[in-house]
Amino acid sequence: MRANVAAAGRAGAAVGGGPARAVTRVVDSDPLGGTVRRTVLPSGLRVLTEAIPTMRSVSFGIWVAVGSRDETRPQSGVSHFLEHLLFKGTRKRSALDISAAIEAVGGETNAFTTKEYTCYYARVLDQDLPLAIDVMCDLVADSVLNAADVETERGVILEEIAMHDDEPGDEVHDLLAQAVYGDHPLGRLISGTEETVSPMSRRQIQGFYRRRYTAPSIVIAAAGNLDHAEVVKLVRQAIGGTPLDSEAGTPAPLRPAESRIRTSRPGNLVEHKETEQAHVVLGCPGIGRLDERRFALGVLNNVLGGGMSSRLFQEIRERRGLAYSVYSYSSQYADSGLFAVYAGCAPGKVDEVLELIRVGLAEVAAHGVTDAELARGKGMAKGSYVLNLEDTGSRMSRLAKGELLFGDLLSVDDLLSRIDAVDADEVNTLAAELLSRPMSLAVVGPFGAGDFPAEAG
């Protein structure tokens, strides 16, 4: 549900003197932060802000509901390629103009691409917010994608792909996604591969840009010392005359869930590399982000491998000294998810570590968690959530993700109440279902595929 939703009038006429008006309402009033307001522009573009007068900075982000799962196989990597290219210049600014403008006031800009969305953001002093809005809206709305820049950035991305291949601790997680999802876009690399990025043309990228970067698919979020009406006014001015200054539209609905995502038969994927340390991830399909059990999953994850007091960390590192790093995690998408456990250890200890992970998961699946573990898991979930809201960047992200991924913004108190409401039966039922599923195994290290027998089932 929405917290403290109330009508708050209407704000601003359309740029250029047109009759269309934007609709604004209060979404939340958070005692830990400030008032959250949401405006829907006539084009369908949404602007959310959280005013925090005690801050002297503002984080400003533009979130686009497009990511690597929206690509066909030949397009693999185009979202990430485009993310790079939008910083290379617009009709008004060169790449140097973009970076120099923000750095001259001590600010920072960056961007990232995920499987379901792309984000461009800046963090500046409150007095420099108008500059950040103008620069960031310009680069997202009106990039020119020069052919020369496409070729330059292609080389940069190929180097990034090569660098990723040199980081086995990162590569193994992508290998698990491939093992679980196979050829589905969720199983592919966000960056694409050398085979897909090398032949990608400017025309392909430009077409993807104009088809996907539309006003109804964009959420703009800002948090810090700001005035909502001023932010809306500045956004409208910044996108005036650009492709985002479009005719009337309505916000895009939440990403539709596929009726059923076909996952691969559980198996092993082994990448042979002569590394000093072996990297292993054991995992299975999890739950989607709109599943009401996501709060129970957060607690369960904390109990299993979410911290130094977790079962797997205590058993594998603290008691036996078999690995430096061991943890569990979940990834959640609109209609699916992953649950996995990672460990990095000496190659000669892999079999023992994997056996301990399997035994630990089976134990919780069969017998559940203790009352002490439940309380600790809930406390960790609540504490980490609130502590992560101590800066404007996290608060900006909270606004955008609530709107873009959930279609709602839970207040901090509501979210803490949802975690508090998780009980042992809920966690244990989920554990029995999830942790009993056949697991896929991803390994990067000095091994061959035959070194790991396939799991039965």
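This report describes an open sheet in a predicted model, the helices across it, and a few single residues.

The model is predicted, so local features need pLDDT of at least 70 and side-chain atom pairs count only at pLDDT 80 or more, while totals for chains, interfaces and linings use all residues. Residues are numbered from 1 along each chain as its sequence is written, and side-chain values use heavy atoms, with hydrogens and water left out.

**The sheet**

Five strands make up an open sheet with mixed pairing, in the order β9-β13-β10-β12-β11. Its edge strands, each paired on one side only, are β9 (268–272) and β11 (323–332). From one strand to the next the twist averages 10°. Strands (E, at least two residues) and helices (H or I, at least four residues) are DSSP runs, numbered from the N terminus. Two strands count as paired if DSSP finds at least two bridges between them.

The pairings are listed below.

| Strands | Sense | Bridges |
|---|---|---|
| β9 and β13 | parallel | five |
| β10 and β13 | antiparallel | five |
| β10 and β12 | antiparallel | eight |
| β11 and β12 | antiparallel | nine |

Strand β13 covers residues 440–445. On its β9 side, Leu269 has Ala442 as its bridge partner, and His272 stands opposite Gly445. Strand β10 covers residues 278–285; in this strand's pairing with β13, Leu282 stands opposite Leu441.

How many residues of β13 are buried? Six of the six are, so the strand is largely enclosed by the rest of the structure. Buried means under 20% relative accessible area, exposed means over 50%, and partly exposed lies in between (1.4 Å probe, protein chains only). Ser440, Ala442 and Val444 cover one side of β13, with Leu441, Val443 and Gly445 on the other.

Strand β12 (337–345) is likewise largely enclosed by the rest of the structure, because nine of its nine residues are buried. Gly337, Phe339, Val341, Ala343 and Cys345 point one way from β12, and Leu338, Ala340, Tyr342 and Gly344 point the other way. Opposite Phe339 in β12 stands Cys284, and opposite Gly344 stands Ser325. Strands β11 and β12 form a hairpin, with four residues between them.

**Helices across the sheet**

Two helices lie across β11 and β12. Helix α9 (residues 294–305) runs at about 175° to β11, and helix α10 (residues 311–319) runs at about 155° to β11. Such contact means heavy atoms within 4.5 Å. Axes are lines fitted to C-alpha atoms, for helices over the stretch in contact, and angles run from 0 to 180 degrees between N-to-C directions.

**Helix α13 and a loop residue**

Helix α13 spans residues 392–406 and includes Phe406. Phe406 counts as partly exposed, because its relative accessibility is 31%. Together with Leu254 and Leu290, Phe406 makes a nonpolar surface patch of about 220 Å². Patches are made of residues with over 30% relative accessible area and no salt bridge; nonpolar side chains (Val, Leu, Ile, Met, Phe, Trp, Tyr) are joined within 5 Å, and like charges within 9 Å. A salt bridge is a side-chain nitrogen of Lys or Arg within 4 Å of a carboxyl oxygen of Asp or Glu. Accessible areas come from the Shrake-Rupley method with a 1.4 Å probe, and for residues only the protein chains shown count as cover.

Arg395 also lies in helix α13, and counts as buried at 3% relative accessibility. Its C-alpha atom is separated by 14 Å from that of Val27, 368 residues apart along the chain.

Leu145 is in the loop between α3 (129–141) and α4 (147–165). Its phi is near 50°, a positive value in a residue other than glycine. Most residues other than glycine have a negative phi. Leu145 counts as buried, at 2% relative accessibility.
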